[in-house]
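Student: Before the discussion begins, please show me the protein. I should like to test each term against its definition.

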Amino acid sequence: MEKKQYVLGTYGRAPIQIERGEGSFLYDTTGKRYVDFCAGIATCCLGHCHPVVVKALETQAHKLMHCSNLYGIPGQEELAELIVRKVVGIDGQVFFCNSGAEANDGIIKVARRFGHRHPAADGSPRFEVITFNKSFHGRTLGSMAATGQRKIQVEFDPLLVGFRYVDFNDMAELRAAVGKETCGILLEAVQGEGGVNPVDAAFLRGVADLCRERDLLLMLDEVQCGFARCGEMMGWQAVCPDVQPDLISCAKGIGGGFPMGCFWVSNRAIDAQGTPLASIMTSGSHGSTFGGTPLACAVSKAVVNEILRLNLAARAKILGEHVRQTVEGWQFPCVEKVRGLGLLRGVALRPGSFAVPEGKTPAVYVNELCRNAGLLACPAGADTLRLIPALNIPEDVLDEGLSILRGVLSKLA
Ligand SMILES: *Cc1c(COP(=O)(O)O)cnc(C)c1O
C-alpha cells in the first residue's frame, strides 16, 4: 500500500497516513480521528474544508485559475487592498508569491536594493541583514541563510553572505552588531519554530528606534504569527501596535491551507525627495510565475474576509488565554509555563522532569504520546510543545484536545 520509498525522505514523518479533514478534526486511513492542534502548522486557520474556502476555490476554478502576471489580475488588486487596509493598516504595496521562504527572499531583496540606494558613508552598498538566534525564516538559500539555527544549514555551505545572528531580546548585543554594511533587521514577533518565544515590547520598540537612527529597514516575518494568530491581525500589533515596520513577509494562514504567500512594502518616504520605499522595486525587479494567481487570490480573499467578519483575532486572544490558564492550572511538575500570544502557544516542558527515550527530544516525545492519544500538536525547539489550532476551533473541541493533553501530561508527572 505505502509507496513512501518514492518520496524524498526530508521529513521526520509520523507513522500515520492522513486522509480526510473536517473542521478541527483529521482522520487517518484506518479511520482514527484526531483533534487537530497543528492545523497544517498554523496554516489551516479556518480548519479543514471550510465551506467558504471550498466555495471560493470551486467558483474561481470554473472562471480562471492562472493567466500570468503579464496582465492585470482584478482579484490580486482586491486582495492587496484588503491586506494593506485591513490587515497591515499602513500605506504600502503587496507582492504575491507562494510560500513563506519566498516571501522572506523577497524582503531580503528589497533590503539589499535599499542598501544600494542608501549606501554606507564611503559609498559602498549595504547588504547585511541582522536576524536572531532560534529564528526560522525558511529553507531556500536566502531564507535558510537568514535563519539563526545552525541545524537547518548543516552541509549546505557556503551560505549566502550578508547575515549576522544575535540573541533575541538582547538590545545591547543588537546595537553592537549593527555595522557599516547593515541595511535591515529581520525578526518574528513570536519565534514559532524556535520555541514559541515572543519578542519583548520594549525590545521591539528599541529595534524600531535603532532602525530609524541607523537608516535600517525594520523587517517582520509574520509568516506564522500573522493573520489573526496572535490576537491581532498581525503579530507585531499584539506586542507593540505603534511600531511601523518597513517590510512584512506573510504566508501560512493567509491561504487557509491553499499555497499562498506575500510581502508588504511600506510607502514611507525614504529620502528628502519623498521617494516611497515601495517604489524602489521597479518593473522587472522581481517576479513569480505562480505568484498571485486568480485562484490563489480568490481563496485567500475569502479566508481573510472570513477572519475579519468573525473577528477571529479577538477570538484567538480569548481562546489562547483559556489554553494558558487551563494548562498552567493543572500545575503539573513537567510543565514550566505556557508561552506565546493568542493561539500560538508553547507548553514549555521542564527539562529533566520526566524520562525521554534515547534519540528523541522531550518535545518530539510528548508530541508522539499526544498523537497516540488522538491529539495532533507540533514540537517547537527541543523542549516546547506547540499548540496552534484553527482560529475558529469550537470551544468544545478545544477542550476535548486539552483533556487529551492533560491525560498525557498527567502520566508524565
Ligand atoms: C513556516 C515559516 C517560514 C517558511 O515558510 P514556507 O512556506 O515553509 O516556506 C518562514 N518563516 C516563519 C516564521 C515560518 O513559521
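Tutor: The protein is divided into domain 1 (4-49 + 314-412) and domain 2 (54-309), with bounds from an automatic or database domain assignment. This is a predicted model, in which local features need pLDDT of at least 70, side-chain atom pairs count only at pLDDT 80 or more, and totals for chains, interfaces and linings use all residues. Residues are numbered from 1 along each chain as its sequence is written, and side-chain values use heavy atoms, with hydrogens and water left out.

Student: How many residues of domain 1 are in contact with domain 2?

Tutor: Contact requires heavy atoms within 4.5 Å; 26 residues of domain 1 meet 26 residues of domain 2 in this way.

Student: What is the area buried between domain 1 and domain 2?

Tutor: Buried area is the accessible area (1.4 Å probe) that two parts lose on being put together, summed over both. Here the value is about 2000 Å², with carbon and sulfur atoms giving 64%. Leu46, Leu341 and Leu344 supply 29% of the area that domain 1 buries against domain 2, more than any other three residues.

Student: Why is the pair Glu232 and Lys317 called a salt bridge?

Tutor: The term demands a side-chain nitrogen of Lys or Arg within 4 Å of a carboxyl oxygen of Asp or Glu. The closest N and O atoms of Glu232 and Lys317 are 3.4 Å apart, so the pair qualifies. The count between domain 1 and domain 2 is two salt bridges.
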